[in-house]
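Work through the exercises below with the sequence and the coordinates at hand. Each task is followed by a solution in steps.

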Amino acid sequence: MYNYLVVGAGLFGAVFAQQAKVAGKSVLVIERRNHIAGNVYTEKVEGINFHKYGAHIFHTNNAKVWNYITQFATFNRYTNSPVANYKGELYSLPFNMYTFNKMWGIITPEEAAAKIEEQKKVITGEPQNLEEQAISLVGCDIYDKLVKGYTEKQWGRDCKELPAFIIKRLPVRFTFDNNYFNALFQGIPMGGTQSLLRTCLMELK
Ligand SMILES: Cc1cc2nc3c(=O)[nH]c(=O)nc-3n(C[C@H](O)[C@H](O)[C@H](O)COP(=O)(O)OP(=O)(O)OC[C@H]3O[C@@H](n4cnc5c(N)ncnc54)[C@H](O)[C@@H]3O)c2cc1C
């Protein structure tokens, strides 16, 4: 007889189970996949920790959270700074001064803001679809190169056929900062996340 039955050995289930055990409770964790770690699962492929369900980076501004999770694994010093490849042109994400410098050759935030303002003017009135909404937020060049293809691939539809409300805002930074999460603490467990979760769950035994 257990105090708790936890359904799912993802991050939430594992952390709850570990904390319950620390509090003196008995816990049974069940999982329907053939592995633990849920969506943060990694498996070794040719010596690399492959993130099977999409790349996952741990990030938080909360020292208590970071101290908790790092007791189960050693983390690397990874900072998420994505790069978009548009037909061989590489752009920093999220949109920031490095992106604008590459796009337009400009240097100052004022120049970047003026460029976006100028391009936004092609949309007059209320945006009628996602394309018009995106252009009204970031202008034509950023939309054409960095929003359109990605969004159409994700949704499987032309941006003109998607409703405007899907994109409420597109984060734009007028600083030279491509640190995506902007979090004080970030990294990836060096042995893979399934190894981190295994260590976390081991205390249950
Ligand atoms: C592509 C992608 C990238 C992401 N990147 C990041 C990132 O970089 N940083 C970040 O902080 N977050 C990221 N996230 C979010 C992160 O994946 C989730 O917040 C986190 O995995 C949620 O953990 P969880 O335990 O709640 O759920 P899950 O990881 O989904 O785990 C739930 C588990 O429960 C199991 N389960 C469900 N139903 C049953 C059942 N009936 N019986 C038995 N087992 C069951 C499932 O099989 C699964 O293993 C990303 C998400 C995605 C999809």
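The exercises concern a predicted model and deal with helix burial, helix packing and backbone geometry.

**Exercise 1. Burial of helix α7**

Determine which residues of α7 are buried, how they are placed around the helix axis, and what covers them.

Solution.
Step 1. Helix α7 spans residues 193–202, and its buried residues are Thr193, Gln194, Leu196, Leu197, Cys200 and Leu201.
Step 2. These residues cover an arc of only 155 degrees around the axis, so they lie on the same side of α7.
Step 3. The cover over the buried residues of α7 includes helix α1 (11–22) and the strands β2 (27–30) and β3 (42–45).

**Exercise 2. Packing of α1 with α7**

Describe the geometry of the pair α1 and α7, then list the residues that make the contact and sort them by class.

Solution.
Step 1. Two packed helices are described by the angle between their axes and the distance between the axes.
Step 2. For α1 and α7 the angle is about 25 degrees and the axes are 8 Å apart.
Step 3. Angles under 35 degrees count as roughly parallel, and α1 and α7 are therefore roughly parallel to each other.
Step 4. The crossing in which α1 passes α7 is left-handed.
Step 5. On the α1 side the contact is made by Ala14, Val15, Ala17 and Gln18, and on the α7 side by Leu197, Cys200 and Leu201.
Step 6. Sorted by class, the contact of α1 with α7 has six nonpolar residues, one polar residue and no charged residues.

**Exercise 3. Burial of helix α5 and its packing with α6**

Find how many residues of α5 are buried and what covers them, then characterise the crossing with α6.

Solution.
Step 1. Helix α5 covers residues 130–138, and eight of its nine residues are buried.
Step 2. The buried residues are Leu130, Glu131, Gln133, Ala134, Ile135, Ser136, Leu137 and Val138.
Step 3. Their cover includes α4 (109–120) and α6 (140–155).
Step 4. The axes of α5 and α6 come within 9 Å and cross at roughly 140 degrees.
Step 5. That angle makes α5 oblique to α6; over 145 degrees would count as roughly antiparallel.
Step 6. In this pair α5 passes α6 in a right-handed crossing.
Step 7. The contact is made by Leu130, Ala134, Ile135 and Val138 of α5 and by Cys140, Ile142, Tyr143, Val147 and Thr151 of α6.
Step 8. The residues of the contact of α5 with α6 divide into eight nonpolar, one polar and no charged.
Step 9. Just after α5, Gly139 has a positive phi of about 85 degrees.

**Exercise 4. Helix α3 and the segment before it**

Locate the cis peptide bond, then describe the burial of α3 and the backbone just after this helix.

Solution.
Step 1. The peptide bond between Leu93 and Pro94 is cis, with omega about -10 degrees.
Step 2. Pro94 is in the loop between β7 (89–92) and α3 (97–104).
Step 3. Within α3, Met97, Thr99 and Phe100 are buried.
Step 4. These three cover an arc of only 150 degrees around the axis, which puts them on the same side of α3.
Step 5. What covers the buried residues of α3 includes β7 and α4.
Step 6. Gly105, just after α3, takes a positive phi of about 70 degrees.

**Exercise 5. Positive phi outside glycine**

For Ala37 and Asn182, give the phi angle and the location, and decide whether each is buried, partly exposed or exposed.

Solution.
Step 1. Ala37 is not a glycine, yet its phi is positive, about 90 degrees.
Step 2. Ala37 lies in the loop between β2 and β3.
Step 3. The cut-off for a buried residue is 20 or more other C-beta atoms within 10 Å; Ala37 has 27 such neighbours inside 10 Å, so Ala37 counts as buried.
Step 4. Asn182 also is not a glycine and has a positive phi, about 60 degrees.
Step 5. Asn182 lies in the loop between α6 and β8 (185–187).
Step 6. With 14 other C-beta atoms within 10 Å, Asn182 is partly exposed.

**Exercise 6. The surroundings of Ala20**

State where Ala20 is placed, classify its exposure and list its contacts beyond four places in sequence.

Solution.
Step 1. Ala20 is in helix α1.
Step 2. Ala20 has 18 other C-beta atoms within 10 Å, so Ala20 is partly exposed.
Step 3. Leaving aside neighbours within four places in sequence, Ala20 is in contact with Asn3, Tyr4, Lys25 and Val27.
Step 4. The C-alpha atoms of Ala20 and Asp141 are separated by 52 Å, and the two residues are 121 residues apart along the chain.

Methods:
Residues are numbered from 1 along each chain as its sequence is written. This is a predicted model: local features need pLDDT of at least 70, side-chain atom pairs count only at pLDDT 80 or more; totals for chains, interfaces and linings use all residues. A residue is buried if 20 or more other C-beta atoms lie within 10 Å of its own, exposed if 12 or fewer, and partly exposed in between; C-beta atoms are placed from the backbone. Helices (H or I, at least four residues) and strands (E, at least two) are DSSP runs, numbered from the N terminus. Two residues are in contact if their C-beta atoms, placed from the backbone, lie within 7 Å. The arc is that of the directions from the helix axis to the C-beta atoms. Axes are lines fitted to C-alpha atoms, for helices over the stretch in contact, and angles run from 0 to 180 degrees between N-to-C directions. Angles under 35 degrees count as roughly parallel, over 145 as roughly antiparallel, 65 to 115 as roughly perpendicular and the rest as oblique. A crossing is left-handed if the near helix is turned anticlockwise from the far one by less than a right angle, and right-handed if clockwise. Ala, Val, Leu, Ile, Met, Phe, Trp, Tyr, Cys and Pro count as nonpolar, Asp, Glu, Lys and Arg as charged, and the others, Gly among them, as polar.
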